[in-house]
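Me: I should like to learn how to read the features of a protein model, one step at a time. May we begin with the strands and then turn to the helices?

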Amino acid sequence: MCRHLGYLGPPRSVRDLLQGGTHSLVKQSWAPREMRKGGVINADGFGVSWWTAGQLGRYRSSTPIWSDPTVEETLSHIRSGSVLAAVRSATEGMAVEVGACAPFVDTTYAFSHNGVLTGWPSSVAALAQEVPTAALLTMSAPTDSALLWALLRHRLQDASSLTGTSVEAALTTVIHDVEAVAPGSRLNFLLGDGNELWASTWGHTLYVLVDELQALVASEPLDDSPQWEQVPDRHLVCARPGHLIITPIPMGER
Ligand code: GLN
């Protein structure tokens, strides 16, 4: 099971964020504490995206995060106040390649998925039909997470027609649609647009630490601070510095 991390706060080096804390994301790649259902370590690559002056940058690699010199040599020189990162443990049968590593991005959003679609790929063929063909043909890898990103992007573009807060509504709709065709899927999402972080819990752990200065959302706490708060399962998180909303995900209608 992958581990992911979102940060909003004072600008800091991307390397420091990846390595920060006694239980940093780098440490979680080889010594995770709360891996469930399948994975042991997160050695199948990693990725990180950051926003600077409204522009989204990204680096991904199919090598383990602990052995990629780019973290030290390059990411230490990039500073940002909005970062989203993930380390990957590929689900059995899924491609191990750079295109399969989160974050998946467009010009606005970065997205990570911790989990699995049950019955992949036949179970979700109906969902794939809802994604525009061009988006399917340009998926960066033939994996469940890449399909979820294609579907979520599509829903986000449609968000103006959804009721409620549009991003939360898009995330909820994707979860309901997947659960309807692939029950028992695990759908911990992390989405950022540089100003806000959204996350879901649906089968895996998630923690938040939000104060006036910063917002951190992570699969596992990065340190022993008592400020970390565990998010209950089947909840949606919306966070930025000084702002945290955790709401239950409503039941689907199907
Ligand atoms: N199923 C996704 C993949 O293979 C995510 C894996 C995970 O959460 N461990 O990339």
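Me: How many bridges join E2 to E3?

Reply: This is a predicted model, and in it seven bridges join E2 to E3, the two strands running antiparallel. Two of these pairings may be located by residue: Trp50 stands opposite Gly57 in E3, and Trp51 has Leu56 in E3 as its bridge partner.

Me: What do E2 and E3 form, and how many residues lie between them?

Reply: E2 and E3 form a hairpin with two residues between them. Ala53 is in the turn, that is, in the loop between strand E2 (46-52) and strand E3 (55-61). The phi of Ala53 is near 50 degrees, which is a positive value in a residue other than glycine.

Me: To which sheet do these strands belong, and in what order do its strands stand?

Reply: A sheet is read by following its strands from neighbour to neighbour. Here seven strands form an open sheet in the order E3-E2-E4-E1-E10-E9-E11, and the pairing is antiparallel. E3 and E11 are at the edges with a single partner strand each, so one side of each has no neighbour in the sheet.

Me: Where may I find a hairpin towards the other end of that order, and how many residues lie between its strands?

Reply: E9 and E10 form a hairpin, with four residues between them. Strand E9 (residues 207-210) and E10 run antiparallel and are joined by four bridges. E9 also pairs with E11 in the antiparallel sense, over two bridges. Val208 illustrates both pairings: its bridge partner in E10 is Val217, and its bridge partner in E11 is Glu229.

Me: How should I read a salt bridge, and how many does a search of the whole structure find?

Reply: Side chains of opposite charge can pair when their charged atoms come close. A search of the whole structure finds seven salt bridges. In one of them, the side chains of Glu220 and Arg3 meet at 2.6 Å, N to O. Glu220 lies in the loop between strand E10 (215-218) and strand E11 (229-230), and Arg3 lies in strand E1 (residues 3-13), so the pair ties together parts that are 217 residues apart in sequence.

Me: What is the order of the open sheet that six strands form?

Reply: The six strands stand in the order E5-E6-E7-E8-E12-E13, with antiparallel pairing. Its edge strands are strand E5 (104-105) and strand E13 (243-248), each of which pairs on one side only. Within this sheet, strand E8 (residues 197-201) and strand E12 (residues 235-240) pair in the antiparallel sense over five bridges. Ala199 stands opposite Val237 in E12.

Me: Which strands do H6 and H7 lie across?

Reply: For a helix on a sheet, one asks which strands lie beneath and at what angle. H6 lies across E5, strand E6 (110-116) and strand E7 (186-192), and runs at about 130 degrees to E6. H7 lies across E7, E8 and E12, and runs at about 160 degrees to E7.

Me: At what angle do H6 and H7 pack, and how far apart are their axes?

Reply: Helix H6 (residues 144-157) and helix H7 (residues 166-181) pack at an angle of about 135 degrees, and their axes are 9 Å apart. The two helices are therefore oblique to each other. H6 passes H7 in a right-handed crossing. On the side of H6, the contact is made by Leu148, Leu151, Leu152, Arg155 and Leu156; on the side of H7, by Val167, Ala170, Leu171, Thr173, Val174, Asp177 and Val178. By class, this contact has nine nonpolar, one polar and two charged residues.

Me: Finally, is the peptide bond from Ala102 to Pro103 cis or trans?

Reply: The angle omega describes the peptide bond itself. The bond from Ala102 to Pro103 is cis, with omega near 5 degrees. Pro103 is found in the loop between strand E4 (79-87) and E5. A cis peptide bond also joins Trp120 and Pro121, with omega about 0 degrees. Pro121 lies in the loop between E6 and helix H4 (125-128).

Terms used. Residues numbered from 1 in each chain as written. Predicted model: local features only at pLDDT ≥ 70, side-chain atom pairs only at ≥ 80, totals over all residues. Heavy atoms only, no water. Axes fitted to C-alpha atoms, helices over the stretch in contact; angles between N-to-C directions. Parallel < 35°, antiparallel > 145°, perpendicular 65-115°, else oblique. Left-handed = near helix turned anticlockwise from the far one by under 90°. Contact = heavy atoms within 4.5 Å. Nonpolar A, V, L, I, M, F, W, Y, C, P; charged D, E, K, R; others polar. Pairing = 2+ DSSP bridges. Salt bridge = Lys/Arg side-chain N within 4 Å of Asp/Glu carboxyl O.
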